[in-house]
Amino acid sequence: MRFARFDLGNLDAERGYRVLFAYIQSKRANPYFATELQRRADTAGLPQRSMAVAPGLTRTNVLTGGANSTRGRTHAALMHLLLRTAFRPTPEGAKTSLYAATVPDLPGGSYVVPDGPLQLRGEPVVRSREHALQDTTTAHLLWTLSERLTGVHHSIPARTPPRS
């Protein structure tokens, strides 16, 4: 997710849907949304905290459920092996979310990820140098575009972001 291209001009994947790209782009949007929500709350003087969380490689049904459930026995066997060997059990993956939800002094706009290589596994840690956390222009544009595309408007006022 950290190295993926983020395409604001193709959020709905209308031009060339690729499952993995769409998934990664949705994960990349999370820190943009969380930090933009925090900036808006801060601007409005609201005492809320918005966090972004990445669980790392965690055993879920993302690779085996939904459309993937009809890919056949070979796919199911390979995914089962991959999940058992490379991915962590779900309770381990939940640690980052639980950390973000329960640490009392965690500042709003924090990004909690596993501390291991490529943020794929490990104990929860707060990262602050991620590009998506600093890129206020893209965060603002994504928020505004999402409101337009969904027709859902949040009542927290925006401030014009500085150029990043």
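Two helix axes that meet at 65 to 115 degrees count as roughly perpendicular. The exercises below apply this to a predicted model.

**Exercise 1.** Compare the reach of helix H1 with the expected value, and state which residue follows H1.

Solution. Helix H1 covers residues 19-44, which is 26 residues. At 1.5 Å a residue, 38 Å is expected. From first C-alpha to last, H1 reaches 37 Å, close to that value. Next comes Gly45, with a positive phi near 75 degrees.

**Exercise 2.** Work out how H1 and H6 are oriented to each other.

Solution. Two packed helices are described by the angle between their axes and the distance between the axes. For H1 and H6 (residues 136-150), the angle is about 90 degrees and the axes are 9 Å apart. An angle of 65 to 115 degrees counts as roughly perpendicular, and H1 and H6 are therefore roughly perpendicular to each other.

**Exercise 3.** List the residues through which H1 and H6 meet, and sort them by class.

Solution. H1 contributes Ala29, Tyr32, Phe33, Thr35, Glu36, Leu37, Arg39 and Arg40. H6 contributes Thr136, Thr138, Ala139, His140, Leu142, Trp143, Thr144 and Ser146. By class, the contact has seven nonpolar, six polar and three charged residues.

**Exercise 4.** Is Ala139 buried or exposed, and which residues is Ala139 in contact with beyond its neighbours within four places in sequence?

Solution. Ala139 lies in helix H6. Its relative accessible area is 1%. Buried means under 20%, so Ala139 is buried. Apart from neighbours within four places in sequence, Ala139 is in contact with Tyr32, Thr35, Glu36 and Arg39.

Note on methods: Residues numbered from 1 in each chain as written. Predicted model: local features only at pLDDT ≥ 70, side-chain atom pairs only at ≥ 80, totals over all residues. Heavy atoms only, no water. Helix = DSSP H or I, 4+ residues; strand = E, 2+ residues; numbered from the N terminus. Expected span 1.5 Å × (residues − 1). Axes fitted to C-alpha atoms, helices over the stretch in contact; angles between N-to-C directions. Parallel < 35°, antiparallel > 145°, perpendicular 65-115°, else oblique. Contact = heavy atoms within 4.5 Å. Nonpolar A, V, L, I, M, F, W, Y, C, P; charged D, E, K, R; others polar. Buried < 20%, exposed > 50% of the residue type's maximum accessible area, 1.4 Å probe, protein only.
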